[in-house]
Amino acid sequence: MLFVVNFPLFTIVLSLFSGALCFMLPGKAARRYTMCYEAFLTVLCLWILQYTYLNGAFTYVMGEFPAPWGNEIRAGVLEATTALIFMIIMLTAVFCGYRFIEKDLDLSKENLYYALLNLMTAALLSMIWTNDLFTGYVFLEILTLTSCGLLIVREIGRTTLAAIRYMILNLLGSGLFLLGVVLLYDLSGHLLMVPIQKVIRELAADPNTLPVLTISTAILTIGLSIKSGLFPFHFWMPDTYGWATPTSAAIMSSLVSKAYIFLLIKIYWRVIGIDIVERMPIRNILLVLGIAGMVIGSVQALHADNINRMAAFSSAANIGYIFMGIGIGGVAGYTAAIFHIFAHAVTKAMLFLTTPRLAEVSGDSLLFKELQGSGLRDRDAGVFFTISAFSMIGIPIFAGFAAKLQFGLAAVEDGAGWRLILVFLALAVSSMLNALYFVRTIIRIYSRPNESTRMEVRPHHRAGYNVPMLVLTVMNLFLGLFSWVTVDLIHRGLMMFS
Amino acid sequence: MSLLVIFRSILLILLIVCAIAVNLTKDLLRAVIIFMSYSSIMCLIWILMESPDLAITEAAVGAGISGTLFLVTLKKLRAEDHTEENE
Amino acid sequence: MKERFFKWFYGESDPMEHILDCAEVPDESREEWKYEEHEIEREISRRVHTQSVIRAERRGFYAFYLIIAVISCLMLIGVLLFTVSQLPRYGVENPRAKEVIERYVEKGLEETGAVNIVSGMILDYRAFDTLGESHVLFTALLCVMILLRLDEKNKRTRYENYYTVLADPYYDISTDPIMRIAATITLPSIFLFGIYILLNGQISPGGGFSGGAVMGAALIIYAAAFGFTVTDRVFTYRMSRCITFLSLAFYSFAKGYVFFTGANGIPNGVPKGTPGAVLSGGLILPLDIAVGMVVACTMFGFYSLFRRGSIGGE
Amino acid sequence: MFENLWINGEEAVAIILFGIGFTMLLFQRNLLKKLIGMNIMDTGVFLFLASMGYIEGRKAPIVTNGVLDTAAYINPVPAGLVLTGIVVSVSVTAVMLSLVIRLYKRYHTLDLDEIYVLSKHQMEDR
């Protein structure tokens with residue numbers, strides 16, 4: 001056994017330790033430490049990806065006790081890819097956003113912010129690597145609490161209210177998720193994913209236990225979809241993402257809600273078994289809710305008067321896309337869903353990191369009225385905003401286009417008539433709406449301002465901001481132009497799941 | 001044996017009564033106190049269910065610390081009101 | 001139509017405000033909604049009025065809301081009760097769970113050295129969950145600190161502080177004789193009980209978390225009875241920070257070491273001790289102490305932050 | 001359909017508690033009661049979990065007199081899980097209570113709907 005197999009363990013334990021360490025360090029040192037540490041983690045994840053790509057997935061026993069008794073974590077190609085992309089986004093979010101953190105936060109609390117960030121890294125990574133349902137629950141709670149913490153560090157009344165809303169919905173979600181885990185434990189007598197699946201195969205064959213199994217799966221699904229913000233539960237998004245400090249907004253919209261969906265996909269494939277899930281009615285409900293979310297999220301984004309709220313509603317629409325992929329089902333549908341997770345994570349992080357820069361040169365206002373000409377005043381932010389907006393619309397060569405293409409392919413491959421028509425209609429309508437509100441914003445930020453709204457241009461650290469944004473742009477283009485590489489990785493990973 | 005079953009049933013019914021009572025009480029202090037007694041009943045149920053670990057934890061946390069935090073919060077809220085009036 | 005489109009395009013109005021009455025977007029053009037800070041305060045003081053307005057405006061909506069609430073609650077309970085009636089019977093062993101339990105019970109004493117099987121399970125077999133659990137508490141402490149710790153931005157004015165103290169007669173009392181005498185009598189035994197269940201987690205019910213919670217509760221009683229000035233002498237912010245950090249770091253590294261050696265098949269060299277003695281159970285006792293320290297500090301920290309906005313004396 | 005419900009009485013009570021807590025958390029307008037509802041919901045799940053581990057006539061899982069037989073003790077797994085759950089629930093309660101204090105400082109009310117109305121009138125944070 002190579003030494004690389006220990007890396008998933010190191011990523012988690014060191015992140016937990018870093019959380020405690022940042023609690024002790026002063027603010028600036030905590031920031032530098034966190035930056036270095038995230039870079040180090042990225043390298044570790046790359047290493048794990050290379051190993052799993054060559055040698056296949058491996059499970060890692062946490063302690064001396066193997067499968068049904070002790071905890072386990074598991075790393076495959078899909079997990080490693082997700083972890084790598086998540087870590088890169090985390091790193092760029094910290095690099096681009098730390099100036100805003102300094103502005104929004106009280107200096108004595110800066111180290112607490114980085115401590116929470118490290119704990120969140122640990123939670124994200126454990127949710128990705130986990131091979132045990134209950135571990136999933138524990139770290140899901142850490143993720144909820146840390147995201148609440150990242151939201152409230154900006155001490156204005158709005159964030160407190162947003163945090164209350166966010167927490168209440170998340171607590172409902174956690175309660176349902178725990179109940180689902182407990183029901184599965186009662187049915188199967190195990191908590192690790194592989195032994196549960198063995199038992200569930202027997203249970204699914206028995207028509208008496210199938211309804212109970214369906215109910216447990218449905219409860220798990222409802223819990224996780226509340227937490228990730230599927231359509232009827234998306235109303236917390238605009239306040240949460242709109243008022244948080246930029247780093248938090250980027251991380252929460254592109255990583256936290258995606259991690260819940262990743263856990264859901266992992267449960268579908270590794271706990272319940274994808275063929276059993278496909279037989280349940282859950283799939284069609286998710287398809288319909290996803291499509292409803294796509295359309296309604298976009299319509300609400302149309303009449304937001306604030307650029308961050310618009311981006312937040314567009315996040316709700318994109319969560320809808322991902323659930324639509326799950327609803328289409330089959331390997332192709334899940335591939336499309338996971339590809340969209342990556343594409344949207346990269347794009348939305350970029351969007352949320354550019355809007356504060358645009359606001360900064362417009363008198364710290366995010367309103368469209370004030371933003372006129374902000375792209376001319378801050379050219380870097382304008383260019384990066386345009387790139388991410390193009391990707392969100394789905395213009396070819398950007399990641400968003402490749403993702404939409406994957407959805408179309410998956411729908412064709414699935415073959416069921418009504419589903420195909422529904423998906424294509426939804427894609428068309430939603431792309432049109434996306435184009436409408438993003439093109440409007442782009443024209444808005446590039447049209448010449450009136451004399452009355454002209455603001456002075458402030459100098460800023462250009463290299464520290466542009467380099468991470470360039471990394472995100474390159475990732476975006478890579479996902480768009482060489483989508484087959486990522487699709488191949490996802491495909492391999494999904495095959496390793498079952 | 002059957003006495004134990006009756007005792008357990010009474011406790012379980014009391015749990016539901018407490019839960020509904022919390023929902024219907026107007027006074028927050030009363031609601032918090034009912035919640036604390038709910039936790040104490042829970043503690044007895046853990047003992048009946050042969051889980052002494054849980055009983056100790058529930059007594060210390062559910063009835064003790066959670067309840068204290070609720071009471072302190074209530075106190076804090078009243079203090080805020082008082083500050084408001086004096087200003 | 002054209003005018004309205006351009007108005008939307010320039011961010012001046014919302015074309016669909018009459019079609020979809022969206023509560024999220026307040027109409028900015030109405031002058032009377034642009035409140036200054038002191039006007040907001042006045043608005044808040046008129047909250048009784050607001051309340052009656054809301055009630056009058058949205059009475060129908062609330063009735064609808066209530067009906068939906070009752071129906072959804074009953075549906076959820078119904079579905080779950082149906083599930084329960086299909087589950088394995090209460091009070092009878094679940095045959096599927098047997099495989100796991102057999103190892104925990106029959107080999108547990110030998111493999112973990114703990115007489116209390118639950119302790120052995122959570123700190124040895126499923127230790128990763130417990131590692132996460134103690135960090136949940138730590139995360140909560142960080143969040144509460146961000147929210148309630150007084151700093152430059154949300155520091156109270158002296159005036160406000162004065163009234164808060166005045167309105168809170170137990171803020172720093174040292175005069176209530178009943179409280180003090182009762183605390184003097186009970187505190188030693190509570191502390192002793194806490195330490196006992198902390199140290200005996202591997203041989204009797206209890207363990208790090210419950211022991212720490214009892215000790216934290218004792219500290220809370222101490223602070224409530226004798227005032228924060230007494231506890232500040234012993235328990236400073238610096239000390240609590242150090243204890244939390246050292247305990248968590250020890251926990252992470254000890255468990256990381258055990259995971260690492262276990263997975264790679266290296267003997268970890270931790271002596272198991274005699275089952276039934278206090279010094280038994282390998283790493284369970286030190287881990288229990290670490291968890292107990294963290295829990296006690298956190299619980300007292302919560303109380304202290306809630307009461308006065310700082311963990312301990314600076 | 002519901003014939004086993006009486007036998008699974010304990011689990012049924014747990015589910016009813018979960019339902020009451022869930023409804024309180026979702027629909028109660030008072031924030032403190034919402035929180036109590038959350039705690040009731042969690043204890044409902046814990047009771048459910050523990051009642052699955054309980055086996056009639058067996059003892060708590062602490063080895064006594066060196067008996068190492070599965071038939072002597074109840075299932076230790078649920079107890080461990082519930083312990084973890086209790087910690088999580090108290091942490092969440094503390095965070096939520098501090099959020100409530102902050103909200104009350106700003107809006108001087110605990111009614112969530114009222115807070116929404118008040119917050120909509122505030123434009124300074126845009």
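The following paragraphs describe a predicted model of a complex, with attention to its confidence, its chains, the contacts between them and two loop residues.

For the complex as a whole, the predictor gives an ipTM of 0.93 together with a pTM of 0.91. Confidence was also examined chain by chain. In chain B the mean pLDDT is 87, and 92% of the residues of this chain reach 70 or more. Within chain B, confidence is highest in helix α2 (residues 28-48), with a mean of 92, and lowest in helix α3 (residues 52-86), where the mean is 83. For chain C the mean pLDDT is 77, with 75% of its residues at 70 or more. One stretch of chain C, residues 18-36, has a pLDDT that stays under 50 throughout, and for this stretch the model has 16 contacts beyond four places in sequence.

Chain B contains three helices and zero strands, and its pattern, read along the sequence, is accordingly written α-α-α. The radius of gyration of chain B is 16 Å, whereas the globule rule gives 12 Å for 87 residues, and because the computed value is well over that figure, chain B is more spread out than a compact globule. The C-alpha trace of chain B spans about 65 × 25 × 10 Å along its principal axes. Of the 87 residues in chain B, 46% count as buried. When the contacts of chain B with a separation of 6 or more are considered, 42% of them are accounted for by residues 24 or more positions apart.

Chain C likewise lacks strands, having 13 helices and zero strands. Buried residues make up 38% of the 314 residues of chain C, and among the contacts of this chain with a separation of 6 or more, 71% are between residues 24 or more positions apart.

One pair of helices in chain C was examined in detail. The axes of helix α12 (residues 237-264) of chain C and helix α13 (residues 284-308) of chain C come within 9 Å and cross at roughly 145°, and the crossing of α12(C) past α13(C) is left-handed. On the side of α12(C), the residues that make this contact include I243(C), L248(C), F250(C) and Y251(C), while those on the side of α13(C) include L287(C), V291(C), M293(C) and V294(C). Sorted by class, the contact between α12(C) and α13(C) has twelve nonpolar and four polar residues, with no charged residues.

Chain C also touches other chains of the complex. Between chain A and chain C, 57 residues of chain A are in contact with 54 residues of chain C. The elements of chain A that give two or more residues to this side include α1 (7-24), β1 (58-62) and α18 (417-446), and the largest share, eleven residues, comes from α5(A). By class, the side of chain A that touches chain C has 33 nonpolar, 14 polar and ten charged residues.

A further interface joins chain D and chain C, where 57 residues of chain D are in contact with 59 residues of chain C. On the side of chain D, at least two residues are supplied by each of α1 (9-27), α2 (31-53), α3 (76-107) and α4 (112-120), and the largest share, 16 residues, comes from α3(D). The residues on this side of chain D divide into 32 nonpolar, 16 polar and nine charged.

Two loop residues, one in chain C and one in chain D, make contacts across this interface. S204(C) lies in the loop between α9 (177-199) and α10 (208-226) of chain C, and it is partly exposed, since 17 other C-beta atoms lie within 10 Å, a count that falls short of the 20 or more at which a residue is buried. Apart from its neighbours within four places in sequence, S204(C) is in contact with N116(C) and I62(D). The C-alpha atoms of S204(C) and P286(C) are separated by 16 Å, and these residues are 82 residues apart along the chain.

In chain D, I55(D) is found in the loop between α2 and α3. I55(D) counts as partly exposed, with 19 C-beta neighbours inside 10 Å. Leaving aside neighbours within four places in sequence, I55(D) is in contact with G91(C), V92(C) and E93(C), and also with I74(D) and N75(D). I55(D) and Y107(D), which are 52 residues apart in sequence, are 51 Å apart in space, C-alpha to C-alpha.

Note on methods: Residues numbered from 1 in each chain as written. Chains lettered and ligands numbered in written order. Predicted model: local features only at pLDDT ≥ 70, side-chain atom pairs only at ≥ 80, totals over all residues. Axes fitted to C-alpha atoms, helices over the stretch in contact; angles between N-to-C directions. Helix = DSSP H or I, 4+ residues; strand = E, 2+ residues; numbered from the N terminus. Left-handed = near helix turned anticlockwise from the far one by under 90°. Contact = placed C-beta atoms within 7 Å. Nonpolar A, V, L, I, M, F, W, Y, C, P; charged D, E, K, R; others polar. Buried ≥ 20, exposed ≤ 12 C-beta atoms within 10 Å, placed from the backbone. Rg over C-alpha atoms; globule rule 2.2 N^0.38 Å. pLDDT = per-residue confidence, 0-100.
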